[in-house]
Every structure is written in structure tokens, then in C-alpha cells.
Amino acid sequence: MPGVLCGTKTITASRMCFTDFSQPDSLGCTKSDSFLTYCVADDSHCPILPGLPDDVAKYCLALVPRSKFPAMGGVCKRWRSFIQSEEFISIRKLAGLLEEWLYVLTADAEGKENYWEVLDCSGNKHHQLPQMPGHTKAAFNVVVLNGKLLFMGGYSMIDGSGAASADVYQYDSYLNSWSKLASMNVARYDFASAEVNGMVYVVGGYGIDGESLSCAEMYDSDKNKWTVIESLRRPRWGCFACGFEGKLYVMSGRSSFTIGNSRFVDVYNPENHTWCQMKNGCVMVTAHAVLEKKLFCMEWKDQRKLAIFNPEDNSWKMEPVPVMGSSSIRFQFGILDGKLLLFSLQGDNTLLYNPNAAPESHWQTCEIKPSGVCLCTVTIKA
């Protein structure tokens with residue numbers, strides 16, 4: 001979940017939250033960026049910057065601010081290919097130039113329109129993402145893979161009928177554009193997903209006919225292919241997943257083999273392709289995030305405490321949240337600059353939790369705040 005939170009889990013007709021992604025793609029480039037363009041028919045063998053060795057030219061391009069990446073991608077094929085490469089990110093990382101942005105799926109005050117907006121570490125709002133192709137979705141999931149946002153599955157209302165989706169879309173933060181990837185083998189919604197060792201896993205959820213699922217699959221971005229893996233021992237839905245030390249952890253949600261919400265944790269080991277089970281999970285989780293190799297959760301029954309899971313010894317500890325007023329307050333999480341942000345769904349001030357501060361200074365208020373109600377977030381460095 002180096003991404004932070006999956007989409008809305010409630011899917012009853014009266015409370016279902018849908019995201020409208022019906023508009024066409026856009027690079028989001030302004031006319032002022034057009035001076036960069038000097039396109040040629042086939043530039044694959046041209047120098048990156050005329051008169052400079054390629055290694056120097058690559059370093060020069062890596063110095064360009066992140067906000068100009070989409071414009072750079074429109075200059076020529078070679079620039080476009082380079083800024084999408086792992087080499088480009090490596091150069092920026094070595095030069096200490098990586099910029100961390102928070103992508104927030106936000107709902108307007110009336111709940112009629114949802115949109116992605118981008119915030120930096122200072123809370124500055126950079127731009128809104130272009131609308132994603134495809135139908136309106138609810139109960140979807142999002143992860144970050146190789147610096148790109150993957151939007152997977154969900155529940156669609158098409159001509160008055162609901163349907164599970166197997167669609168997968170990718171947002172390229174370098175080019176500010178969406179593209180469609182290979183579809184999952186099984187359409188699903190209200191499921192768990194996470195990135196582990198460069199692979200994306202999806203687990204459980206509901207299927208096409210509303211049946212609860214135990215099946216799981218893995219996405220390989222190099223092959224743009226989904227592969228079915230070993231299923232869970234039992235169906236599970238309304239759950240979430242995260243990756244720790246090369247293993248996939250699936251928690252919370254419900255199971256057909258338990259009464260009420262499940263405390264069992266299903267753990268998948270990609271090396272031997274097997275599942276095992278732990279018994280000390282959390283239940284009815286409304287928000288979760290992974291920060292510094294620990295899992296931070298908030299349970300529905302107690303929104304005034306953070307449950308913090310340490311996978312090294314499979315232990316939990318509770319951290320009181322300094323909130324006043326109604327016990328029904330709810331949060332969604334975001335991560336920026338090594339800190340946990342708690343966005344109030346009631347519009348109150350954002351809380352910031354710094355795990356590296358002295359205990360008496362863990363909590364602060366923060367000016368970083370989305371324009372509307374936060375539905376989910378992911379953090380991408382580039």
C-alpha cells in the first residue's frame with residue numbers, strides 16, 4: 001500500500017460513493033509550454049540535447065522541476081521515453097531532487113463530483129488530474145507502482161444496473177495522463193490490494209453476481225499481465241492489504257467463516273506461493289496507512305485511537321488521538337515527508353502525527369488540507 005488507502009468500502013444504494021471518470025485524457029500542458037516542442041518524425045537516434053554528451057544531457061533534464069514533466073514529455077519521443085524510465089528517477093534520487101506529492105481523491109461539498117487534486121509537502125495545490133476514462137466507479141482500489149497510480153476494479157452503475165469491473169487504469173504522473181492496462185482475470189469490488197516486491201496483488205472482494213470471493217491474482221507491469229495465484233482459505237471482503245518485508249498481509253473485513261468482522265490476518269509469501277494465518281488483526285478499519293515499516297489503522301469503534309502494528313514482532317500498540325467533540329468523528333489518512341496526516345471528514349483541522357518526534361510532540365495541527373472531503377490518498381515521489 002505504498003499507496004495509502006483504497007476506495008470507498010460502503011456500497012449500499014443509499015450511501016454508495018461514486019467517482020465520475022467519464023472525460024477524455026489530457027496531458028494538461030498549457031500553451032506557454034509549447035516553446036519546448038521541436039518534434040521530429042523519428043528522433044530515437046538524435047542526441048538528447050544537441051552539443052552535449054547524453055550523460056550530461058540526462059542530468060540537465062533531471063534538474064527540471066516536477067511540474068514541467070508533462071511539457072517535457074511533449075518535446076520528443078526520446079525525452080518522453082527518458083522521463084518514464086527508471087534511470088531518470090535514479091538520477092533525480094542521486095541528485096537529491098525527488099519531490100513528494102500527495103494525490104487526494106476529493107469530493108465536493110454536495111457530493112456530486114469527485115476529482116483528484118495534487119498537494120506538495122507545503123500544502124500547495126498544483127493541479128487537478130485529467131479525468132480517467134471509463135464508467136463511474138465505487139468500491140475500487142488504488143496502489144502506486146513504479147511511480148504510477150493504478151486504479152483497479154470497482155462497482156459501476158450502467159443504465160441503472162450495477163456491475164463489478166475488471167478494468168485497470170494507470171495514471172502516469174510524469175506525463176499527467178491516463179492509459180488502460182490489462183484487465184484483471186476476475187471482476188471484483190470491495191477487495192484488498194497492495195504492492196509487494198514490484199508486483200501488485202488483489203485479493204477477495206465481491207464478484208460479478210455479488211458472490212464473495214476467495215481468489216487472488218498478481219499483476220506484472222513488465223508483462224502487463226495478471227496471473228491467478230493461490231486462493232485464500234475462505235472468501236473475504238471489505239478487507240485491506242499492505243506489504244511488509246516481501247510478504248502480503250490481508251486484514252480486517254468480513255469472512256464467510258466468521259460471525260461479524262474478522263480478526264484473522266492472512267499472510268501470503270510470494271517465494272513459496274503459500275498463505276498462512278495470524279490471529280491478532282484489527283477489525284472494521286476505516287483508515288489505514290504504512291509509514292516507516294509500520295501499519296497505522298483507525299477502527300470504526302474507536303476513532304480516538306491509532307492502532308499501530310509492528311510486523312517485526314506482530315505486536316500492536318495504541319496511540320491516543322487528540323480530538324475533541326463528537327465521538328463519531330472520522331478520518332482518512334495521507335503520508336507526506338515521513339509524517340501521517342489525518343484529514344477530518346467533518347472539515348476540521350488536519351492533524352499531523354510525527355513518529356520521529358519526542359512522545360510529547362508526536363501530534364500537531366497542520367495547514368495541509370484538500371479542497372473537499374478526502375476519499376482516499378496516495379503518495380508518489382518523482
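A residue counts as buried when its relative accessible area is under 20%, and as exposed when that value is over 50%. The exercises below apply this to a predicted model.

**Exercise 1. Determine which residues of helix H4 are buried, which exposed residues lie on the face turned away from them, and what covers the buried side.**

Step 1. Helix H4 spans residues 86-94, and with the under 20% cut-off in hand, the buried residues found in H4 are Phe 88, Ile 91 and Arg 92.

Step 2. These three residues cover an arc of only 95° around the axis, which puts them on the same side of H4. The general background is that an α-helix has 3.6 residues a turn, so residues three or four places apart point the same way.

Step 3. On the face of H4 turned away from this buried side one finds Glu 86, Lys 93 and Leu 94, which are exposed.

Step 4. The cover over the buried residues of H4 includes helix H1 (54-62), helix H2 (69-73) and helix H3 (77-83).

Step 5. Following H4 comes Gly 96, a residue with a positive phi, near 70°.

**Exercise 2. Relate the UniProt feature at residues 50-88 to the secondary structure of that span.**

Step 1. The UniProt record, an unreviewed entry, places the feature "domain: F-box" at residues 50-88.

Step 2. In the model this span is 62% helix and 0% strand, and the C-alpha atoms at its two ends lie 19 Å apart.

**Exercise 3. Work out the strand order of the sheet that contains E20, and explain why E20 and E23 stand at its edges.**

Step 1. The sheet is open and has 4 strands, in the order E20-E21-E22-E23, with antiparallel pairing.

Step 2. Strand E20 (285-291) and strand E23 (315-320) each have a single partner strand, so one side of each is left without a neighbour in the sheet, and these two are therefore the edges.

Step 3. On average, and with direction ignored, neighbouring strands of this sheet are turned by 25° against each other.

Step 4. Between E20 and strand E21 (residues 294-299), which run antiparallel, there are 6 bridges; Ala 287 has Met 298 in E21 as its bridge partner.

**Exercise 4. Describe the sheet that contains E16 and E18, and name the residue opposite Leu 248.**

Step 1. This open sheet of 4 strands follows the order E15-E16-E18-E19 with antiparallel pairing, and its edge strands, E15 (240-244) and E19 (274-278), each pair on one side only.

Step 2. From one strand to the next, the twist averages 25°.

Step 3. Strand E16 (residues 247-251) pairs with strand E18 (residues 265-269) over 3 bridges in the antiparallel sense, and the residue opposite Leu 248 is Tyr 268 in E18.

Definitions and conventions: Residues numbered from 1 in each chain as written. Predicted model: local features only at pLDDT ≥ 70, side-chain atom pairs only at ≥ 80, totals over all residues. Heavy atoms only, no water. Buried < 20%, exposed > 50% of the residue type's maximum accessible area, 1.4 Å probe, protein only. Arc of directions from axis to C-beta. Contact = heavy atoms within 4.5 Å. Pairing = 2+ DSSP bridges. Axes fitted to C-alpha atoms, helices over the stretch in contact; angles between N-to-C directions. UniProt positions renumbered as here; feature names shortened; annotations may be inferred.
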